[in-house]
Amino acid sequence: MSPGSQNRIRRILIGMDPGSDHRSLLNTAREIAETIDAELMGHFVEESSLLHISSLPFARSIVEGGTQTHALDFDQMEKAIKRQAKRFENAISVVGIETNLTCATRISSGDFLSEIQASASGHDLVLIQGTPSGFTISSMMTDIRTLSSNSSAIAICPGNLQVYRGPVIILDEGNNVELQAAFELAGSLSQSRKTSVIVLKLDKHSETEENYPDKNSVQQKNIQFVSLSNWDIEILADILRQYQPGYILGQLNGKLFHNDNLTRVILRGIKAPLILFP
Amino acid sequence: MTNKSFNPLEVHRLRQVCDPEQFSFKTTEELEPLDNLIGQQRALEAIKFGTNIDTKGFHLFVLGPAGCGRHTAVDTFLKEEAAKKTPPDDWVYVNNFEETHKPIAIRMQIGQGIKLRDSMDKLIADLLTAIPSMFESDEYRNRRRALDNSVDEAQEKAFEELKTKAAEQSIGILRTPMGFSLAPLQDGKPIKPEDFNALPEDDRKKIEANIDLLQKDLEEVLQKLPLLRKDYMDNVRALNSEFAEIAVNISINEIMHIFSDHSEIKDYLQAVKHDLINNVEFFLGNKQEEGAVFSVTDGRKAMDPFFRRYKVNVLLTQHEKEAQGAPVIFEDYPTLSNLVGRIEHISQQGALITDFTLIKAGALHRANGGYLVLDARRVLSEPFTWEALKRSLRSDRITIRSAAEQLGISSTISLEPDPIPLSVKVILVGERLLYYLLVDLDPDFQEIFKVNVDFDEDVERSGETIALYAQLISSLVRKEKLKDLTSGAVAAVIEEASRLCRDSEKLSLKIGDISDLLHEANLWARNQEHKYIEAQDVEKAIENRAYRSDRIREKSLEQITRDIILIDTDGEAIGQINGLSVLSIGNFQFGRPTRITARVRMGSGKVVDIEREVKLGGPIHTKGVLILSSFLASHYALNQPVSLWASLVFEQTYGGVDGDSASSAELYALLSALSGVPIKQGYAVTGSVNQLGQVQAIGGVNEKIEGFFDVCQARGLTGEQGVLIPQANIRHLMLRKDIVKACDEGKFGIFAISTIDQGIEVLTGISAGTRDEEGNFPENTINHMVEAQLINFATRQRDFNKTEKKNNTPKTEDSKPSEEEE
């Protein structure tokens, strides 16, 4: 059985906003899509709020490491956003040519969250940057739950993503039904990356190893179960860093990712894609 | 065959036969091989002197003809001398970490170079495991994580504080394609321009003022980020160095201990240590990226070109146990790079690059501390080699410079390796001509090559040397793994050795030629299934060798026998004689008769050499003609002006003529023309003449006799044929056996002549005549007839001049007689 042949994830949406760099996001999406043979849809949102602020009389910007601010101009901003969109579209085309995957791009204007939420329907996994323009001004996890309202899984790529060859880690908070899809994806990713799957059992109510819902999707020799007790978020983040995981798979509706602060602590340490299943 | 007044030479003088009976052995199996060369005492002593003297500039030039055993003698002697000396030290090139284009040369005790090389290879292999392990340790990971977290937290904290501060004022921070920007928020979203403009002016101004203040804070935070990252990287580097030093120290201290008594190696190892610590990231999976923790490396990492910097290029070494004596190097192909070494390049992404590991030793390096033998001609014919050799010997250092560098056309990265001190004895082997040309034309030569080792070409033939020669033949047989020779075959080889040096009293020392002859005879013996090489095998080899080269000689002979080239071998003719010349084609020489004619008449005392007039005569030939003119003038009609006009010509020659060996023949032709006495055409003549009428020695006497004999034999020997040779050339006679036999049977004769008078008597059968007390030659002698003719020419010339003058002088009273009349 080839990796992902029975996977539920068939269609992946990449949500892209003009304030982010598309490379790490696209690379992650490409790896997952190739592993499970999924279709890729890139959606670039020309964020309207960026155009709004560029029209304000006092609008200025400054680059990282820059010494002075520059006045923002509507036309310049619009051109810059269009350029970003074009680059993203080209990059998606290249992925399609190189991988033979079905790839498509959509470009729209408006509010990032609304636009992606609208596109998410019919997609099994939505990939977004950890710090898109919009998330700097609202709650990341609230927005993510909004995006996941169509029962899509959400993958968050941290801005400082590192490509590690460590294990795929599943964070088990005790809800086995939600872990079903995580096991499937972890099995495929671990096989293609030739790495192991580690299940971190965070809840005392977690299932015994024999009763895990789809353990067979992961080869027996590649799976390890580690029970954690008396942990807090910092300890967990530290443990995750030590593993240098390639991916972390978790539950969207567990306790771990119920607010931005906890999520940020995890993301800061791991620098790996975090995939949350509803 | 006899002449009325002069007898031909006895047969035993025509060829110095080597009697096999004189030998005490039957075959060369019984002989002890000869260790030394025969007759090269002077050369051997010169080699000994040259190799023993340590003074600068006393290098050797071994001169002599090819094949006379120069290489064998040098080889044998040097190997013996070298065995008495201590083996040379090792030399290694190592990386110069401060100036990589100037690799460092280090001298080490014998066998230590390999030890250092292996130790360094092991060090790097160990560190490729030890360093990643060190960086995988919990201690490193914890400290590294603390650094990672601190920078992440510092960055985030700075942003979070600003974000919180901004949020309190309903202002958001946005990441745009053009950088970070601040915007007032409305319902958690950036406010639209129309909504902003609709706000009361006070509110707008307040928002703008707040944003202005926050903008400054944002600038501060964003400017701080690169500094934070720089501090972070500095801290990571310091941490890495600290851990790397621990790993490096453990491994390198072991090597430092091994080479603790070698200060240069200690310095080098310190530099290695410093460089390893500074470049520790190359020992890890990937060069460290910001925020990344190293992964464990695998064995392939050692192949990374980066690690070449820690290699040791062992330029010269010997295994301690195998090292015996000083090196003796024979460099057959002395190009510049083969002599002084080279720096090779490798292609990398289309560019040629190099490093110290690509420095290769040359012959000078390999011979350092010992002897280097070079062929002079090859050294001189290779571009830049001669100058490089002299430069190295003058400076006592080996500096590697490629030809491209010297010409300034090198466009690739190259190196300037440390020069290596040189202590070598160079032995150049070459021909004499080269030696004398170098002495004349190269002012440096004699300052560097002060010892000339002059190899002789031949040795006196005596009972003692013949015995040694037999031993030499025995040595060659063993060395070349040939069949042994019978005593008869040895005698045949010895006779050929005399023929080779064209002297019956000498033996050729051109061992190469003798060796070739033995090989050929060996083949014939094998074909004939002889157990030993016999005399007939040697003779067959000689015959066959001559036959292989004989085509031109045969064609030449054919032209004569078909009367295309006119040569008389019987009858008589006035003013005509057979001269003899030698033609050289490659290494084959043969003699050939040439008709020389002379014509005389009354004139102004001039002998015209037609060869010279048409610029076919060389200077020696012209000198010969002038000498015979002088002989005539000083020998005949001393009281009369020379009133002779004579012309001399080599008939049917179409190339240049040089040498004076035909001057006696020219004189005989002239005397015949003057006397009107015919010369017997059955004779051919060779020999030069001086002003006193003495016949002097010439070269190629055997070939000349054989050339004329072949013509006579082709036409049928009459018994009235022979060759006149100078008396001094008797010792050079080593004639073919068939000629000796013909002479023995009286069908041919060799006449040894010491004066022109003797020669003319043989050629004409008439006495030359000597002056009586009154100074007159007896009547009916050649000299009398010649003198009479010359007086006759002088008288007629005088009469002629008087008549001429009378006809041309105006008849006046005060006219005076001419000077000649006075």
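In this predicted model, helix α17(B) is followed by E529(B), a residue with a positive phi near 55°. The helix before that residue, α17 of chain B, runs over residues 511-527. Its 17 residues reach 24 Å from the first C-alpha to the last, close to the 24 Å expected at 1.5 Å a residue.

Several residues of α17(B) are buried, among them I511(B), I514(B), L517(B) and L518(B). The buried set also includes S515(B), E520(B) and N522(B), as well as A521(B) and A525(B). The cover over these buried residues includes three helices of chain B, listed here with their residue ranges.

| Helix of chain B | Residues |
|---|---|
| α15(B) | 463-480 |
| α16(B) | 487-500 |
| α18(B) | 535-548 |

Another pair of helices in chain B is α4 (residues 138-168) and α6 (residues 201-258). Their axes come within 10 Å and cross at roughly 180°. Because of this angle, α4(B) is roughly antiparallel to α6(B), a term used for angles over 145 degrees. Sorted by class, the contact of α4(B) with α6(B) has 18 nonpolar, eight charged and three polar residues.

Chain A can be described as a whole. Chain A has eight helices and 12 strands. Of the 278 residues in chain A, 59% are buried. How much of the accessible surface of chain A belongs to carbon and sulfur atoms? The share is 45% of a surface of about 11,300 Å². For contacts in chain A between residues at least 6 apart in sequence, 80% join residues at least 24 apart.

Terms used
Residues numbered from 1 in each chain as written. Chains lettered and ligands numbered in written order. Predicted model: local features only at pLDDT ≥ 70, side-chain atom pairs only at ≥ 80, totals over all residues. Heavy atoms only, no water. Helix = DSSP H or I, 4+ residues; strand = E, 2+ residues; numbered from the N terminus. Expected span 1.5 Å × (residues − 1). Buried < 20%, exposed > 50% of the residue type's maximum accessible area, 1.4 Å probe, protein only. Contact = heavy atoms within 4.5 Å. Axes fitted to C-alpha atoms, helices over the stretch in contact; angles between N-to-C directions. Parallel < 35°, antiparallel > 145°, perpendicular 65-115°, else oblique. Nonpolar A, V, L, I, M, F, W, Y, C, P; charged D, E, K, R; others polar. Areas by Shrake-Rupley, 256 points an atom, 1.4 Å probe, with all protein chains shown as cover.
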